[in-house]
Amino acid sequence: MPELPEAETLARGLRPVLPGSVIRRTRVLHDDVLRMPARRFRRDLAGRTITGVGRRAKNVVLELDRGEGVLLVNLGMTGRLVPMGFEGGPPGRPTHPAIRFGFGEGRGLVFDDTRRFGCVEVLDARDWEERSRSIGPEPLSDGWRWSRLHADLQASRTPLRNWLLDQRRVAGVGNIYANEACFRAGVRPDRPARAVEEAEARALHRGIREVLRSGIRYGGTTLRDYRNARGEPGRNQRRLRVYGREGEPCLRCGTPIQRIVFGNRSAFFCPECQR
DNA sequence: AGTGTATCCTGCAGGC
DNA sequence: TGCCTGCAGGATACAC
């Protein structure tokens, strides 16, 4: 579920709330969301202060004191972060709590994840730097240019949609926004990456940025589970042009949107507008 | 290097 | 109402 815009929206909602909180207690209800032994996880977090909230790719990054370590949260398909006991409204009780962080004075944070495909881990500064380096460029950063995208695409013949989902190539793009970006670029999602021409790479670069910015502007896309820090759904789902619209008319030309499956996942496109 | 497949897990919608 | 199938925003591992 949560792709870059959803993680960004969540991080923005947590930023005014969490910093300054001291992790006094960590309860692991489902250890399968941890990438490390529960004992070490709890020990690494004990007594540490959350100093900031950021995002990298689809991850929410809770920055920690004592050496710039981070608590890295990947939301998977159904993950949520629910602040508890802060003013600004109780966002409803978590239905599938996996980890509970207690800050004292009745406050805390719950990592809630129905399917538990998400994961949570603590990394020290060195490991975090190394991990971040293994992830591709942030598509909304100034440094990410269409020429780089075009050059990188030439190195692969995997289908464009799959290429976009690979976090080592570009950060934060998931199945919804990948399909939407392909539509805006007028390129079929199953076209080999290296067959994307220069002008198309420009359009794709622009399309990726547009769909991600739209996602952020409208508070994320909620198909079912996504909620921001206040427990509210996003509004971007109304702006999707192809994703989930199989058989419905293309908003540009009226041709029925097609769904095909490859790489084990659905892809949606307009056979008329996308070549 | 690429693809297809399977895995982790739960819930929901639709067909009968 | 119940049972079954298929599907879901992610990430990874495997055989070929």
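This passage describes the DNA contacts, a covered strand and the charged pairs of a predicted model.

The surroundings of DNA strand B were examined at the outset. Strand B is surrounded by His96, Thr114, Arg115, Arg116, Phe117, Ser156, Arg157, Thr158, Pro159, Arg169, Arg224 and Asn264. By class, this surface has two nonpolar, five polar and five charged residues. Phe117 and Pro159 are the nonpolar residues. The charged residues are Arg115, Arg116, Arg157, Arg169 and Arg224. Of the strand B atoms within 4 Å of the protein, 55% belong to sugar or phosphate. The rest belong to bases.

Polar contacts reach both the phosphates and the bases of DNA strand B. A polar backbone atom of Arg157 is 2.9 Å from a phosphate oxygen. Thr158 places a polar side-chain atom 2.6 Å from a phosphate oxygen of the strand. Asn264 addresses a base instead: a polar atom of its side chain lies 3.3 Å from a base nitrogen.

Strand E8 spans residues 119-123 and is mostly covered. Five of its five residues are buried. Both faces are covered. Cys119, Glu121 and Leu123 lie on one side, and Val120 and Val122 lie on the other. E8 is joined to strand E4, residues 70-74, by five bridges. The two strands run antiparallel. Within this pairing, Leu71 stands opposite Val122.

Glu6 is a buried acidic residue without a salt bridge. Glu6 sits in helix H1, which covers residues 4-14. The nearest side chain of opposite charge is that of Lys58, 8.4 Å away. That separation exceeds the 4 Å limit for a salt bridge. The side chain of Glu6 does have a polar partner in the backbone. One of its polar atoms lies 2.7 Å from the backbone nitrogen of Thr221.

Elsewhere, charged side chains do pair. The count comes to 21 salt bridges. One of them joins Arg48 and Asp65, with the closest N and O atoms 3.9 Å apart. This pair links distant parts of the chain, 17 residues apart. Arg48 is in the loop between helix H2 (38-45) and strand E2 (50-56). Asp65 is in the loop between strand E3 (59-64) and E4. Arg48 has a relative accessible area of 10%, so it counts as buried. Asp65 is partly exposed, at 22% relative accessibility.

A second salt bridge forms between Glu138 and Arg55. Their closest N and O atoms are 3.0 Å apart. Glu138 lies in the loop between helix H3 (125-133) and helix H4 (146-154), whereas Arg55 belongs to strand E2, so the pair ties together parts that are 83 residues apart in sequence. Glu138 counts as buried because its relative accessibility is 16%, below the 20% cut-off.

Arg245 and Glu248 form a further salt bridge, with the closest N and O atoms 3.3 Å apart. Arg245 is buried, at 11% relative accessibility. Glu248 is partly exposed, at 37%. Shared partners also build a network of salt bridges: Glu8, Arg12, Arg55, Arg56 and Glu138 are joined into one.

Methods. Residues are numbered from 1 along each chain as its sequence is written. Chains are lettered from A and ligands numbered from 1 in the order in which they are written. This is a predicted model: local features need pLDDT of at least 70, side-chain atom pairs count only at pLDDT 80 or more; totals for chains, interfaces and linings use all residues. Side-chain values use heavy atoms; hydrogens and water are left out. Helices (H or I, at least four residues) and strands (E, at least two) are DSSP runs, numbered from the N terminus. Buried means under 20% relative accessible area, exposed over 50%, partly exposed in between (1.4 Å probe, protein chains only). Lys and Arg count as positive and Asp and Glu as negative; His and the chain ends are not counted. A polar contact is a pair of N or O atoms within 3.5 Å; within protein, one must be able to donate a hydrogen and the other to accept it, and residues adjacent in sequence count only if both atoms are side-chain atoms. A residue is near a molecule or strand if one of its heavy atoms lies within 4 Å of it. Two strands pair if DSSP finds at least two bridges between them.
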